[in-house]
Amino acid sequence: MPSFPQPGSVTVCEINRNLITAESLSDDQAKETYGKIIGAVFSPISYQAEYPAPISPDRGVEPPVSGLRKLLKAVSYGPLKSLGHTDVKLLPNVDLRCLSWHQKKDILAFVSAPNQITIRDYGDSGEGKDLCILSNELQRDVKLLEWRPNAGKTLSVACKGGVCIWAASYPGNTACVRPGVNSGSLSRGSGVRWSLVDFLRSQQDEQISALSWSPDGRYVATASYEGSSFTIWDVAKGEGTPIRRGLGSISLLKWSPTGDYFFAAKFDGTFYLWETNTWTSEPWSSTSGFVTGAAWDPDGRMIVIAFSESLTLGSIHFATKPPSLDAHLLPVELPELKSLTNSGGIEKIAWDASGERLAVSYKDGNELYKGLIAIYDIKRATLITPSLIGFIRGPGDDSKPLTFSFHDKYKQGPLLSVCWSTGICITYPLVIRSHLLA
């Protein structure tokens, strides 16, 4: 039976498909449950939950019936629909990455206010005892953030007018600031100072609402729901190349882990699969609403997609090797979301880099299951086979997940960090291989 956290309890961690709960969170309890296995404890972080919770869609819309026939009808490979007026109020329904773990270090960054980033370093150097707060006059109306791969401690922040690039500086090792950038910042913490080293300015002061790094860290792709294209930036040169082809109102960008493929989704229900050798693409269209979330598998050969008006995920599989765009669609059924939660649809998804755990949040739900996160064990072969492990409950009354993301450094299993609407960011170790001692 799936693990269910009783009302009034809080989830602590997973130990081999069993989600452990307690009456309250404490570091002593964390040491007892998972600390002795992974050799670390991740204390909760309090913040002011100033950015708004996701807006629910019209409750009068019925989610489509699950099943291959319905999903294939809902998402079809072929000509694009004519474009209508995009309702930018839908942006809060997209899975904006407002929380990000550094790929190689125990450093967590998340959006803690409309113009502010909070960084917590859990490393053993001692510098993470204090929180670092990043703000700058250029950093307005932050929508999402992501660490730059293979670039030390470098963080990108998408905001109004462009992308802020922050880098850590140490005594005797000062980060290089691009000429003309005001590097002044509000940054507190011991042993490290964060500097704004670059600002990738968008056209016409557009709000950057989608961002994704290439896996080698050389390029970053950005887009705005206000624009007609997305841009590929060569970050070292500070130069951006617009990719046009009649695009506009982009809601989501995702580079594949291998760098061979690129995914772009729009608010009108269309989305594109690109190959990055020649930057050619194939369009797809959806009548199950627009894409609210997408996650690549570790090998970059399939991508799982959530739609705004469906309880069924779609998985697109590439039939041959890159740069081929020959692909086919298969459904990924999550029947418990309907039978147990009576949910109105999937809200956000996250897939860990090993491909073993999938986290899913959902809209509404009955009183017992409202505001929880479903955790699935994933088996990958020809098909993706999910198995529900249980649910994570956040702290406080009526707690809801605002954003969540995985950290994949630990060999015993991934960490899932969640920013809750009650103003606490909590990290949950999902220990899959507890027999491996740190």
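Contact is taken here to mean heavy atoms within 4.5 Å. In this predicted model, Ile 119 touches, beyond the residues up to four places away in sequence, Ile 107, Leu 108, Ala 109, Leu 131, Cys 132, Leu 134, Trp 147, Leu 155 and Trp 194. Ile 119 is also one of the residues with the most contacts inside the largest nonpolar core, which has 61 residues, and it shares that standing with Ile 117, Leu 155, Trp 194, Phe 263, Phe 271 and Ile 316. Strand E11, formed by residues 162-169, supplies the largest share of this core, namely 6 residues. Another core, of 23 residues, lies apart from it and includes Leu 311, Leu 372, Ala 374 and Tyr 376.

Leu 372 also takes part in the surroundings of the N-terminal segment. Phe 4, found in the segment before strand E1, is in contact with Leu 368, Tyr 369, Leu 372 and Arg 393 when its neighbours within four places in sequence are left aside. The C-alpha atoms of Phe 4 and Leu 372 are separated by 9.6 Å, although the two residues stand 368 residues apart along the chain. Phe 4 has a relative accessibility of 22% and therefore counts as partly exposed. Ser 3, which is likewise found in the segment before strand E1 (10-15), has a relative accessibility of 14% and so counts as buried, the cut-off for that class being under 20%. With neighbours within four places in sequence again set aside, the contacts of Ser 3 are with Arg 17, Asn 18 and Leu 19, and with Ile 389, Gly 390 and Phe 391.

Aromatic rings form 24 pairs in the structure. In one of these, Phe 42 and Trp 101 are arranged edge-to-face, with 5.9 Å from centre to centre and 90 degrees between the planes. This pair links distant parts of the chain, since Phe 42 belongs to the loop between helix H1 (27-38) and strand E3 (45-46) whereas Trp 101 belongs to strand E5 (residues 99-101), 59 residues apart. Both partners count as buried, Phe 42 at 4% relative accessibility and Trp 101 at 3%. For Phe 230 and Trp 274, the ring centres are 5.4 Å apart and the planes stand at 85 degrees, so this pair is edge-to-face as well. Because Phe 230 lies in strand E15 (residues 230-234) and Trp 274 in strand E19 (residues 270-275), the pair ties together parts of the chain that are 44 residues apart in sequence. Phe 230 counts as buried at 0% relative accessibility, and Trp 274 is buried with a relative accessible area of 0%. Ring pairs further link Phe 230 and Trp 274 with Trp 255, Phe 262, Tyr 272 and Trp 279 into a cluster. An aromatic ring also meets a charge at Tyr 410, where the charged end of Lys 409 sits over the ring, 5.8 Å from its centre.

Among the elements of secondary structure, an open sheet of 4 strands follows the order E21-E22-E23-E24 with antiparallel pairing. Its edge strands, each of which pairs on one side only, are E21 (291-296) and E24 (327-332). On average, and with direction ignored, neighbouring strands of this sheet are turned by 25 degrees against each other. Within the sheet, strand E22 (residues 302-307) runs antiparallel to strand E23 (residues 313-318), and 4 bridges join the two. Val 304 stands opposite Ser 315 in E23.

Key. Residues numbered from 1 in each chain as written. Predicted model: local features only at pLDDT ≥ 70, side-chain atom pairs only at ≥ 80, totals over all residues. Heavy atoms only, no water. Pairing = 2+ DSSP bridges. Axes fitted to C-alpha atoms, helices over the stretch in contact; angles between N-to-C directions. Buried < 20%, exposed > 50% of the residue type's maximum accessible area, 1.4 Å probe, protein only. Phe/Tyr/Trp six-rings, centres within 6.5 Å; stacked < 30°, edge-to-face > 60°. Lys NZ or Arg CZ within 6 Å of the ring centre and 35° of its normal. Core = buried A, V, L, I, M, F, W, Y, C linked by side-chain atoms within 4.5 Å.
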